[in-house]
Amino acid sequence: GFGETFIYGLMQGESNFNINAVSYNGTSFGIMQVNKNYADFASELAGLEEYDIMDFYDNVRMGIAILRYNRDYHIDKGYDSQEDLTHLILTGFNRGLGGLRDHLKMNKTPVSNYSNDVLNYKAEIEQKSSINN
């Protein structure tokens with residue numbers, strides 16, 4: 001599964017924890033910025049009979065379902081390096097699988113500014129929580 005701080009890092013990267021966030025182009029919604037074009041698919045993956053993309057719980061379940069789908073897709077493609085997988089999952093979440101393919105062709109690496117940002121947010125959150133414990 002995906003660790004709590006990984007999900008928090010993603011939420012920070014996507015919406016800065018704003019549950020009512022709407023992307024600048026009006027295609028992605030909620031704390032995990034689920035793209036409306038993939039919402040039906042994501043809700044199916046999440047096992048939701050019906051959903052409200054702006055509902056916190058539905059949005060998070062859909063976002064995690066997309067992450068799982070991306071992870072399984074890349075494992076099936078033969079990726080087994082945890083580091084590569086993490087960047088593939090994040091860059092794919094951000095750009096969609098087509099956008100990820102374009103990114104890989106151009107850059108020859110799954111690493112993106114987005115995936116680095118999310119991992120940096122994750123590390124900052126972990127640092128703060130270890131100070132508070």
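Which residues of α3 are buried? The views below start from that question and work outwards.

This is a predicted model, in which local features need pLDDT of at least 70, side-chain atom pairs count only at pLDDT 80 or more, and totals for chains, interfaces and linings use all residues. Residues are numbered from 1 along each chain as its sequence is written, and side-chain values use heavy atoms, with hydrogens and water left out.

**View 1. The buried residues of helix α3.** Asp58, Asn59, Val60, Met62, Gly63, Ile64, Ala65, Ile66, Leu67, Asn70, Arg71 and His74 are buried (under 20% relative accessible area, 1.4 Å probe, protein chains only). They pack against α1 (4-15), β1 (28-29), β2 (34-35), α2 (39-45) and α4. Helices here are DSSP runs of H or I with at least four residues, strands are runs of E with at least two, and both are numbered from the N terminus.

**View 2. The length and ends of α3.** The 21 residues of α3 should span 30 Å, and its end C-alpha atoms are indeed 30 Å apart; the expected span is 1.5 Å times one less than the number of residues. At the N-terminal end, aspartate 55 acts as a cap, with a side-chain oxygen 3.1 Å from the backbone nitrogen of tyrosine 57. Glycine 78, with a positive phi near 100°, follows α3.

**View 3. α3 packed with α4.** Helix α3 (residues 56-76) meets helix α4 (residues 82-107) at an angle of about 95°, and their axes are 9 Å apart. Axes are lines fitted to C-alpha atoms over the stretch in contact, with angles from 0 to 180 degrees between N-to-C directions. The pair is therefore roughly perpendicular (65 to 115 degrees). Among the contact residues (heavy atoms within 4.5 Å) are Gly63, Tyr69 and Ile75 of α3 and Leu85, Phe93 and Arg101 of α4. The contact comprises 11 nonpolar, four polar and two charged residues; Ala, Val, Leu, Ile, Met, Phe, Trp, Tyr, Cys and Pro count as nonpolar, Asp, Glu, Lys and Arg as charged, and the others, Gly among them, as polar.

**View 4. α1 packed with α3.** Here the angle is about 110° and the axes are 12 Å apart, which means that α1 is roughly perpendicular to α3. Phe6, Ile7, Leu10 and Met11 of α1 touch Phe56, Val60, Ile64 and Leu67 of α3. This contact has eight nonpolar residues, no polar and no charged.

**View 5. Threonine 5 in helix α1.** Beyond its neighbours within four places in sequence, threonine 5 is in contact with Lys122, Ile125 and Glu126. The side chains of threonine 5 and glutamate 126 make a polar contact at 2.6 Å (a pair of N or O atoms within 3.5 Å, one able to donate a hydrogen and the other to accept it; residues adjacent in sequence count only if both atoms are side-chain atoms).

Definitions and conventions
Angles under 35 degrees count as roughly parallel, over 145 as roughly antiparallel, 65 to 115 as roughly perpendicular and the rest as oblique. Buried means under 20% relative accessible area, exposed over 50%, partly exposed in between (1.4 Å probe, protein chains only).
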